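Trainee: Could you take me through one part of this model up close? I'd like to look at charged side chains, and at how they sit in the chain around them.

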Amino acid sequence: MKYEVVIGLEVHAELSTQSKAFCGCSTKFGAVPNTQCCPVCIGMPGVLPVINKKALEYTIKAGLALNCRIARYTKMDRKNYFYPDLPRACQISQYDVPVCQNGYLDIVVNGQTRRIGINRIHLEEDAGKLLHDQYADSTLVDLNRSGVPLIEIVTEPDLRSAEEAKVFLETLRSILRYIDVSDCKMEEGSLRCDVNISVRPEGQKEFGVRTEMKNLNSFRAVYRAIEYEANRQISILEEGGTVLRETRRWDDSAGKSFSMRAKEHAQDYRYFPEPDLPPIEIDDEWVEEIRKQIPELPAQKQRRYVEEFGLPEYDAGILTSSRDLADYFERCVKLYENPKTISNWLMGDFLRLVNEKNIEISDVPVTPENLVKLFKLIDSKVISGPIAKTVFEEMFDTGKDPEAIVEEKGLKQITDRDELVKVIKKVLAENPKSVEDYKNGKKKALGFLVGQTMKATKGKANPQLVNEILLEELEK
Amino acid sequence: MAVGITVKDVEYLAEAAKFEFTEEQKQKFAQALSDIINAVDRLAEVDTEGVQPTIHVLSVKNIFREDVVLPSMDRDILLKNAADVQDGCYRVPKVVE
């Protein structure tokens, strides 16, 4: 039998506000444990939380970018449960009136556009961090993260494969970064994802029994966990069994998921309105003000790059995948008339070095002005293509002006005919076999001789000129 | 319309809130909770057609703070109330997953 996989995601993104959701403690990542805490965020009795306006605005902004309806009247609720990372034993969250509802996100998978429904986005606070590993008999609690604002984005069960889930997450991350509401660093836990997954025989209307997968710390883990879980559920059904509704924990190094201890009965969170926080009214004017702050989003930008700059879809997709890269490209395009050349360099050596050195695009020391200077050095034949690569690497390391590098290292292209003739005569004298091969009709030998000439000039010879002179000399 | 809160309901709530009660207490709370709910249920007799649900008892709304970082509390003072401390953290019994 053929099975269809049905996937829904719950994505938590930490908002990039400076201070926490309900108090003034810093949200900065990586501080010494329990140094960014106060009575409000460690859950002391009698304190008064106050909503961070920016956190609410970021939630609305995310809702608008994901085509949601924004509630005009909303409130915060208490979600009650006991866990050592939640000092107040209740989390301030939202229950029946989330800030955003009924949105969607279009994703492109294998050239096909798929519309994925967004059920809701709500604002809540993060819990503290538990440190288990280094202590045998105890767990330590660091509450720096407690009270950091989060949005939870819940999709409809519209995703149908691991690939779709991965593309959805990539698209979502790119949008949240574009609109500057979250830095979405999975390795720092500012983007987290739980996956609900079930399978059903193809054509069946009812959903199968779903399991929830936790502890997915990378997009790759999400992909692998879905593949694993879908196969696990299918084999259970194939053998005539039934899938248990449960929460499972993904172990990425083992490549397997494990059942987390099943609860005796369903968790009852006993939600009720948070009495310490008055309700929130959001008027049209406020929503429109926030809408104005939303920049051109990646999908629109990609379309514009194809139309305005004549770039291939593929190039436009890569250049717009990050706002920093797109901004960089646009600064270059203002200074240089050939967008495809810029695109080639950015997608090639530029991104290669960014990845190799594992740095942010905003930290690349090469300015658009200097990159364009490099292009102009190539165009005016001052340096050859291969030399340009060397110069670029140096620029990437030092941030120096390419003209200065060319000058300092004497990398100027040799265009002097007489000088090249001398070099070539020497190359021919040293390679009589290749010369003979060429004369016997082995035209490939020419390539070898060009290579030898380039080598002899340390890559500085003008390749066209080398070709031309070589042909002349060989025909003599 | 009288609503009865049973001892079973009390036991469910007690477990959710991590309370332990004696049999006598359970009986007492079942009666007390029933009385409270019945008292509140009298509101059902009022015609509330067209009245917005009350979310908050005071007529305030939109109380916000600006996104400004304020000094946090000194860690030594913060941890003074903790039952157990290690390496600048609260120490709790091992949490198993």
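Mentor: Sure, let's start at A:D363, which counts as exposed because its relative accessibility is 52%, and the cut-off for exposed is over 50%. Keep in mind that this is a predicted model. A:D363 sits in the loop that runs between helix 8 (339-357) and helix 9 (368-379) of chain A. It has company out there: A:D180, A:D183, A:E187, A:D324, A:D327 and A:E360 gather with A:D363 in a patch of negative charge on the surface.

Now step back for a moment to see what surrounds that patch. Chain A is built from 15 helices and 17 strands. Its C-alpha atoms fill a box of roughly 95 × 55 × 50 Å along the principal axes. The radius of gyration is 30 Å, whereas a compact globule of 476 residues would come out near 23 Å. Of those 476 residues, 50% count as buried.

For a contrast with A:D363, try A:V466 in helix 15 (residues 463-475) of chain A. A:V466 has a relative accessible area of 0%, so it is buried. You can also use A:V466 to get a feel for distances: its C-alpha atom is 65 Å from that of A:C100, and the two residues are 366 apart along the chain.

Back to charges, this time the paired ones. Side chains of opposite charge can pair when their charged atoms come close. Over all chains, the count of salt bridges comes to 46.

Zoom in on A:R72 and A:D284, whose side chains meet in a salt bridge at 2.7 Å, N to O. A:R72 lies in the loop between strand 3 (69-70) and strand 4 (73-74) of chain A, while A:D284 belongs to helix 4 (residues 284-291), so this pair ties together parts that are 212 residues apart in sequence. Both ends are partly exposed: A:R72 has 37% relative accessibility, and A:D284 has a relative accessible area of 47%.

Next, find A:R224 and A:D252, another salt bridge, with 3.1 Å from N to O. Here A:R224 is in helix 3 (residues 219-238) of chain A and A:D252 is in the loop between strand 14 (247-251) and strand 15 (256-259), so the parts tied together are 28 residues apart in sequence. A:R224 counts as partly exposed at 28% relative accessibility, and A:D252 is partly exposed too, at 27%.

Then there's A:E246 with A:R248, whose side chains meet in a salt bridge at 2.6 Å, N to O. This pair is tucked away: A:E246 counts as buried because its relative accessibility is 13%, and A:R248 counts as buried because its value is 7%. Salt bridges can also share partners, and in that way A:E296, A:K301, A:R304, A:E308 and A:E330 are joined into one network.

Before you go, glance at chain B. It has three helices and three strands, and along the sequence they follow the pattern α-α-β-α-β-β. The C-alpha trace of chain B spans about 55 × 45 × 25 Å along its principal axes. Its radius of gyration is 22 Å, against a value near 13 Å for a compact globule of 97 residues. Of the 97 residues in chain B, 18% count as buried.

Terms used: Residues numbered from 1 in each chain as written. Chains lettered and ligands numbered in written order. Predicted model: local features only at pLDDT ≥ 70, side-chain atom pairs only at ≥ 80, totals over all residues. Heavy atoms only, no water. Patch = residues over 30% accessible without salt bridge, like charges linked within 9 Å, V, L, I, M, F, W, Y side chains within 5 Å. Areas by Shrake-Rupley, 256 points an atom, 1.4 Å probe, with all protein chains shown as cover. Salt bridge = Lys/Arg side-chain N within 4 Å of Asp/Glu carboxyl O. Lys, Arg positive; Asp, Glu negative; His and termini not counted. Charge placed at Lys NZ, Arg CZ, Asp CG, Glu CD. Helix = DSSP H or I, 4+ residues; strand = E, 2+ residues; numbered from the N terminus. Buried < 20%, exposed > 50% of the residue type's maximum accessible area, 1.4 Å probe, protein only. Rg over C-alpha atoms; globule rule 2.2 N^0.38 Å.
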